[in-house]
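Biologist: I would like to learn how to read a few features of a model. Could we take them one at a time?

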Amino acid sequence: MTAETNQNKRIAQIGQACFWAGLLLELIIVVVDTSAWTNPFQGQLFRLTFLLFAVKVLCSRFTLREWLWLVFFGVIAGLCYLCSDRDEAVRLVVFCAAFRDVDVKKALKLAFFVTLSGCLVLVFLAASGIFGNMYIIDDGDRGLRYTFGLGHPNACYCLFWALATLGIYLWHEKMRLWHYGLIALAGILLFLPTRSRTGAIFLVFTLALSLLLTYGKKMREGKLLYALGIAALFACVVLSVWIAYYEPYQGPFYTYIDRFITGRITSMNTLLEGGGMLRNWRLFSRPENVKYFDLGYVRLFYWYGIIPGALYAVMYALLIRECRRRKDPFGFMMLLSFGLYTMLEAHFISVFMGRNYALFLMGAYWGGIVAGRGRNGSKAEKVYLWECGQVFRRKKVSE
């Protein structure tokens, strides 16, 4: 083994250690945020995870084409940060890039067990009266609703749904029909105290889609289901833009839509200055766009800007297509479930990278999306950042 090989191995080991430390810290931050405790160190911890993931990127080898794409995404994210004062876009680019040469299923298993363990601890603390609230009194028509120490009933059910979806993705090959039945039963039992209608609807959707992919070989291997998934994703984005254009005086049809999605439009446009309404959108957002509301894609464009939001939607659609190319139908299931859920709930449009498991797949698969002809990396030399100039010069000479 040459000295250069030994050096590359040590660099890779440093990068891997930084990645796993950063990911574990991100997941712990997510669990802490789920609790009733306000974390005063959250900003500093995010800076630390950003540095750990950045070290991993610098310790990873990409093709010259991939480095150029990273520069492009970094410029877009940087403009978003300069215009809006939100650093999540920059953190997202580095987080996804850090997944090079990482076993994504191993990362998702870590996310599953850390999140599940953390939630169970919070439930125990709330049930024993040590910390957190077991229930709230809803301002609407649902009265007493249980949170089990996880902040809000909808957040509680969302975490259950997300972990169930992730569990199906990770262990679908070992699952039998009765496993899906147990998940459905658990969902019903949790719905009774939480009364989270949106979460229950999406649990049914996820289970139905998973069963279709499990027992429908033609659907699993064909193009139609993936095309319908991409169409549904863009339909959600278009509908979100249309909703954001809503004004109270525009007639009964908008009122019907608002009632159908349980008042989410009203709760948004009654915020100061109209919240996420279309008139408040900017190309790269602005520091004043900080309001919270449920509609996920509206929040995406409102918080981060039209250009970053559109780029995210396009990359998400390409990621669904990449799942088909890689023959990963349950990756498609998870992506589509998270993508459609985001239409009504903004749980995954947040400062927390470890909350959105779709970002893990984006990190693992983005190289295949942008690689062009050399999708598997075999036709292009992979180099460290500091070696890009040498590759560029060799290309110029060969031309």
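Biologist: Which side chain meets Arg-264 in a salt bridge with 2.7 Å from N to O?

Modeller: First, this is a predicted model. Side chains of opposite charge can pair when their charged atoms come close. Here the partner at 2.7 Å, N to O, is Glu-345. The two belong to distant parts of the chain, 81 residues apart: Glu-345 is in the loop between α15 and α16, and Arg-264 is in helix α12.

Biologist: Is Glu-345 buried or exposed?

Modeller: Glu-345 counts as buried because its relative accessibility is 8%, and buried means under 20%. Arg-264 is also buried, at 4% relative accessibility.

Biologist: Which residues are joined with Arg-264 into one network?

Modeller: Salt bridges with shared partners join Arg-264, Asp-294 and Glu-345. The bridge between Asp-294 and Arg-264 has an N to O distance of 4.0 Å. Asp-294 sits in the loop between α12 (264-269) and α13, so its pairing with Arg-264 in helix α12 ties together parts 30 residues apart in sequence. Asp-294 is partly exposed, with a relative accessible area of 32%.

Biologist: How many salt bridges does the structure hold?

Modeller: There are eight. One of them pairs Asp-33 with Arg-355, whose closest N and O atoms are 2.8 Å apart. Asp-33 lies in helix α1 (residues 3-34) and Arg-355 in the loop between α15 (329-344) and α16, so this bridge ties together parts 322 residues apart in sequence. Asp-33 is partly exposed at 31% relative accessibility, whereas Arg-355 is buried at 13%.

Biologist: Now the interior. How many cavities of 30 Å³ or more does a search of the whole structure find?

Modeller: The search finds four, and the largest holds about 480 Å³ of space. The largest cavity is lined by 26 residues, those closest to its centre being Ala-89, Leu-92, Val-93, Tyr-312 and Met-362. Helix α4 supplies the largest share of this lining, six residues. Elements giving at least two residues each include α3 (64-84), α14 (306-325) and α16 (358-370).

Biologist: And which residues make the nonpolar surface patch of about 650 Å²?

Modeller: Trp-178, Leu-182, Leu-185, Ile-188, Leu-189 and Leu-192 make the patch. Leu-182 is located in helix α7 (residues 177-194) and is partly exposed, at 46% relative accessible area. For contrast, take Ser-210 in helix α8 (residues 197-215), which is buried with a relative accessible area of 0%. Beyond neighbours within four places in sequence, Ser-210 contacts Ile-168, Tyr-180, Phe-330 and Met-333.

Conventions. Residues are numbered from 1 along each chain as its sequence is written. This is a predicted model: local features need pLDDT of at least 70, side-chain atom pairs count only at pLDDT 80 or more; totals for chains, interfaces and linings use all residues. Side-chain values use heavy atoms; hydrogens and water are left out. Patches are made of residues with over 30% relative accessible area and no salt bridge: like charges are joined within 9 Å, nonpolar side chains (Val, Leu, Ile, Met, Phe, Trp, Tyr) within 5 Å. Accessible areas come from the Shrake-Rupley method with a 1.4 Å probe; for residues, only the protein chains shown count as cover. Helices (H or I, at least four residues) and strands (E, at least two) are DSSP runs, numbered from the N terminus. Buried means under 20% relative accessible area, exposed over 50%, partly exposed in between (1.4 Å probe, protein chains only). Contact means heavy atoms within 4.5 Å. On a 1 Å grid over the protein atoms alone, a cavity is a set of points where a 1.4 Å probe fits but cannot get out, and a pocket is an open set with protein on both sides within 12 Å along at least five of seven lines; lining residues have an atom within 4 Å of a point. Grid points are joined across faces, edges and corners, and a volume is the space filled by probe spheres set on the points.
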